[in-house]
Amino acid sequence: MDKDVAAGNSNSTLGQLALGLTLLAFGIGGTGVIDNVAASDAASLATWVGGVALFLVGLLALRAGNSGEGTAYSALGAFWFTWGTAAGEQSSAEATGLFLLLWALLALTLTMSAKGGGLFGQGVYGLLFLSLLLSGVAAMAGNDGLGKAGGWVAAVAGLAAWYGATAAVANWPTSLGRAAGRGVTATG
């Protein structure tokens, strides 16, 4: 494994941690794998960690001149804050589905704009897009199976974001190595 890890900056590391924990809690709740735990149980974490913390990290990134991360984290902060404060309120399945599908468009934009971000940039946003797409369609169609699939995808995205941030802090590897790309075979 390649031990060269891009340490990133403190904004991206904190943003990835906040996004990772929020996605993991939202995803695990959405899977139904733990009795009496639903996605809506992640509302307070989504509001404060995913909402407020991500929004502030986004503002700090914008102030530092990083428009890509600033836009991503500020927009994701707005999403999580809105979702967290509205969780548990009565709304139609169609309205919930439309909300998730509209935010899936943001995740798609982030996926397309994070070309150089690799697995822990573009990959996390791509998984977030897929999760919101599945969850939105599930809400509109009343399909619990799609909803659970969306939860699993969100949980995987959360783990990937968490690992990416932890790798930056702990100097862990974030790729399977460049040696394989040069024709060198890894031995096990």
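## Glutamine 16 in helix H1

In this predicted model, glutamine 16 has its place in helix H1, a helix that covers residues 10-31. Glutamine 16 has a relative accessible area of 10%, and because buried means under 20% relative accessible area, this residue is classed as buried.

The surroundings of glutamine 16 can be described through its contacts. When residues up to four places away in sequence are not counted, glutamine 16 touches Tyr73, Phe120, Val124, Tyr125, Ala161, Trp162 and Ala165. With one of these, tyrosine 73, the side chain of glutamine 16 makes a polar contact through the side chain of the partner, at 3.0 Å.

## The packing of H1 and H3

Both glutamine 16 and tyrosine 73 also belong to the contact between helices H1 and H3. Two packed helices are described by the angle between their axes and the distance between the axes. For H1 and helix H3, the latter formed by residues 67-86, the angle is about 30° and the axes lie 11 Å apart. Angles under 35 degrees count as roughly parallel, and H1 is therefore roughly parallel to H3. The crossing of the two helices, H1 and H3, is left-handed.

On the side of H1, the contact is made by Asn11, Ser12, Gly15, Gln16, Leu19, Thr22, Leu23 and Phe26, while H3 contributes Glu69, Tyr73, Leu76, Trp80 and Trp83. Sorted by character, the residues of this contact of H1 with H3 comprise seven nonpolar, five polar and one charged.

## Threonine 31 in helix H1

Threonine 31 is likewise found in helix H1, whose residues run from 10 to 31. Its relative accessibility is 4%, so threonine 31 counts as buried. Apart from residues up to four places away in sequence, the residues that threonine 31 touches are Lys148, Gly151 and Trp152.

## Threonine 96 in helix H4

Another threonine, at position 96, lies in helix H4, which spans residues 93-113. Here the relative accessibility is 30%, and threonine 96 therefore counts as partly exposed.

If its neighbours within four places in sequence are left aside, threonine 96 is in contact with Ser91 and Ala139. A further relation links threonine 96 to glycine 136: these two residues are 40 residues apart along the chain, and their C-alpha atoms are separated by 7.0 Å.

Definitions and conventions:
Residues are numbered from 1 along each chain as its sequence is written. This is a predicted model: local features need pLDDT of at least 70, side-chain atom pairs count only at pLDDT 80 or more; totals for chains, interfaces and linings use all residues. Side-chain values use heavy atoms; hydrogens and water are left out. Axes are lines fitted to C-alpha atoms, for helices over the stretch in contact, and angles run from 0 to 180 degrees between N-to-C directions. Helices (H or I, at least four residues) and strands (E, at least two) are DSSP runs, numbered from the N terminus. Angles under 35 degrees count as roughly parallel, over 145 as roughly antiparallel, 65 to 115 as roughly perpendicular and the rest as oblique. A crossing is left-handed if the near helix is turned anticlockwise from the far one by less than a right angle, and right-handed if clockwise. Contact means heavy atoms within 4.5 Å. Ala, Val, Leu, Ile, Met, Phe, Trp, Tyr, Cys and Pro count as nonpolar, Asp, Glu, Lys and Arg as charged, and the others, Gly among them, as polar. Buried means under 20% relative accessible area, exposed over 50%, partly exposed in between (1.4 Å probe, protein chains only). A polar contact is a pair of N or O atoms within 3.5 Å; within protein, one must be able to donate a hydrogen and the other to accept it, and residues adjacent in sequence count only if both atoms are side-chain atoms.
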